[in-house]
Amino acid sequence: MYDRILKNGRIMDGTGKPSYEGDIAIRDGRIEEVAPSIHEAAHEVVNLHGLAVAPGFIDNHSHSDTVFLEDDRCEGKLLQGVTSEVSGQCGSTIYPCPLDGMERLMEYADAYAPFASSSLREFTEKLQKNGIQMGTNQIPLIGHGALRVGVMGYENRPATEKELSLMARLLREQMEYGAWGMSLGLGYTPGISSNQTELDTLGAVVAEYGGVVHSHMRYQNERTPEALEEMFHIARASGVRVNISHFKAGGKSAFGMAPYFAELVHRAQREGIRVSADVYPYTASSSGITNSFPKWSIQGGISHAVAAVQGERRQEILDFLAERFSTKEEGEGYIIVNTAGTFPQADGCTLWEVSQKMGLSMAETMAELTVRSNGKAWCIGFGMSEEDVAVMLAQNDFAIGSDGSAFPFDEKKSGGKQHPRNYATFPRFLRLVREQEFCTMEQAVARITRRPCEINDIRDRGLLQEGRIADITVFDPDTITDCNTFKNPCIKPKGILHVLMEGQFAVRDGEQTDQRLGKILRKPQK
């Protein structure tokens, strides 16, 4: 007898092939049978009345690796249909670390310092010891930033041979335990201080275990070709697979360059370089306030940037910011999500609005908010064109990654009016597919199910096939949509009816159940 049969669904199996009417039988957490009609007995039969049945969506770029410590529902992602998240991105994790570097790592972990760990193993053991559960699966990467902080702090220099050897050893231990790869945050400190030798050496370690390097590149603007070449070099030197995170044409100087950037990736693929990319369907990004500062000012850590904006080179930073925010329009395209409780009058307002409240220039306002919040203010910046985003979305080999976290829908619990991508990336993507028809709905499903599995070498999910884990998302392809805005982001999307994880309902009839079915997934060893 089957545990559960999903009947009369429109099966979009993750391959990208045309959908078909059929049933899916589940037993012991796995898909036991997929057929036009299944007549065997089951403990429960669920009639789907022609709704689309897909593998559980996989977020290829997620920052949910710590938010579940505060709220185990992970509802911001789960109610989008996401069952698994590739987390630990942009070089930032709270593990691993040599024992003599734990104080530095705990500072790096900030609010999550109690869970900062010497290894991925120790982190998972802390979760078990504290009875911490999670609503979605986490597919953990190892943050290059954590490796660097633990071994050498924020020093703005190349790693010595000894330091690089220690980073490589730490990374190898995590890969042996079951990490899926390494993430780079080359636009942030401390990753910004690394060189090609360091990246190639660590990439080779990841390659030994069939892992992948996800990269927030050094540049995401008109210098993207230069940044891509750095990534291609890692792949050539080590043989590792490289994924370009949140691929974009950022900043006005790069507007219109998305077709060229996409072609550079495809040309590299034709040359045999194992490179992939993910994108998100928004024209705005979101990051810490100091990410808008000149690169030199953040080398050495956020505290260095805070000190710099109060020091001898303050005017240099102000001039840089004044050039970026020179018009009211540019100020209105930059939203202060929160100021870490230090100036709540600014939370949810545009930079232009805050500057008017403070009676300061926009550059001086940025400096003031940075100092008040000790560099911890969080912001949203509109830096991409609709046309370039559309080009990136139309690349059918590019996966989709939210670049967001599994926040609750209560903005008081999620730190303010966060970017809408945290709550609606995948419904928005599918709506755009329906409206703009840059690919079929079945191909779209493949890009959020099978494609992330190909990029990360996940072999037991991503397809509706016999023997696969029964992570399944049921949605209405005719009505699925995002409902939120930047002013009101904490609104649930429409069209996600059911989400199953290992055959159990995590979401039923559009509402989250009480079950917490997520796990830290470990990469099987060869």
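The paragraphs below walk through selected local features of this predicted model, from a loop near the start of the chain to a helix further along.

Because the model is predicted, local features are reported only at pLDDT of at least 70 and side-chain atom pairs only at pLDDT 80 or more, while totals for chains, interfaces and linings use all residues. Residues are numbered from 1 along each chain as its sequence is written, and side-chain values use heavy atoms, with hydrogens and water left out.

A convenient place to begin is Ser19, which sits in the loop between strand S1 (2-11) and strand S2 (20-27); here helices (H or I, at least four residues) and strands (E, at least two) are DSSP runs numbered from the N terminus. Ser19 counts as partly exposed because its relative accessibility is 22%, given that buried means under 20% relative accessible area, exposed over 50%, and partly exposed in between, with a 1.4 Å probe and protein chains only. Leaving out residues up to four places away in sequence, Ser19 touches Arg10, Ile11, Met12 and Glu442, where contact means heavy atoms within 4.5 Å. Its side chain makes a polar contact of 3.0 Å with the side chain of Arg10, and another polar contact of 3.0 Å links the side chains of Ser19 and Glu442. A polar contact is a pair of N or O atoms within 3.5 Å; within protein, one must be able to donate a hydrogen and the other to accept it, and residues adjacent in sequence count only if both atoms are side-chain atoms. Ser19 and Ala54 are 35 residues apart in sequence, with a C-alpha to C-alpha distance of 9.8 Å.

The backbone deserves attention next. Most residues other than glycine have a negative phi, and most peptide bonds are trans. Asp28, in the loop between S2 and strand S3 (30-35), has a positive phi of about 50° although it is not a glycine, and with a relative accessible area of 67% Asp28 is exposed. Cys74, in the loop between strand S6 (57-59) and helix H1 (75-78), also has a positive phi, near 55°, yet Cys74 counts as buried because its relative accessibility is 1%. A cis peptide bond joins Tyr95 and Pro96, with omega about -5°, and Pro96 belongs to the loop between strand S7 (82-87) and helix H2 (102-109). Thr189 and Pro190 are likewise joined by a cis peptide bond, with omega about 5°, and Pro190 lies in the loop between strand S10 (181-185) and H6.

That loop leads to a helix pair. The axes of helix H4 (residues 144-152) and helix H6 (residues 196-208) come within 12 Å and cross at roughly 110°, so H4 is roughly perpendicular to H6, a class that covers angles of 65 to 115 degrees. In this contact, His144, Leu147 and Arg148 of H4 meet Glu198, Leu199 and Leu202 of H6, and these residues divide into 3 nonpolar, 1 polar and 2 charged. In that grouping, Ala, Val, Leu, Ile, Met, Phe, Trp, Tyr, Cys and Pro count as nonpolar, Asp, Glu, Lys and Arg as charged, and the others, Gly among them, as polar.

The last stop is His266 in helix H8 (residues 258-270), which counts as buried because its relative accessibility is 15%. Apart from neighbours within four places in sequence, His266 is in contact with Gln395, Asp397 and Phe398, and the side chains of His266 and Asp397 make a polar contact of 3.0 Å.

Methods. Axes fitted to C-alpha atoms, helices over the stretch in contact; angles between N-to-C directions. Parallel < 35°, antiparallel > 145°, perpendicular 65-115°, else oblique.
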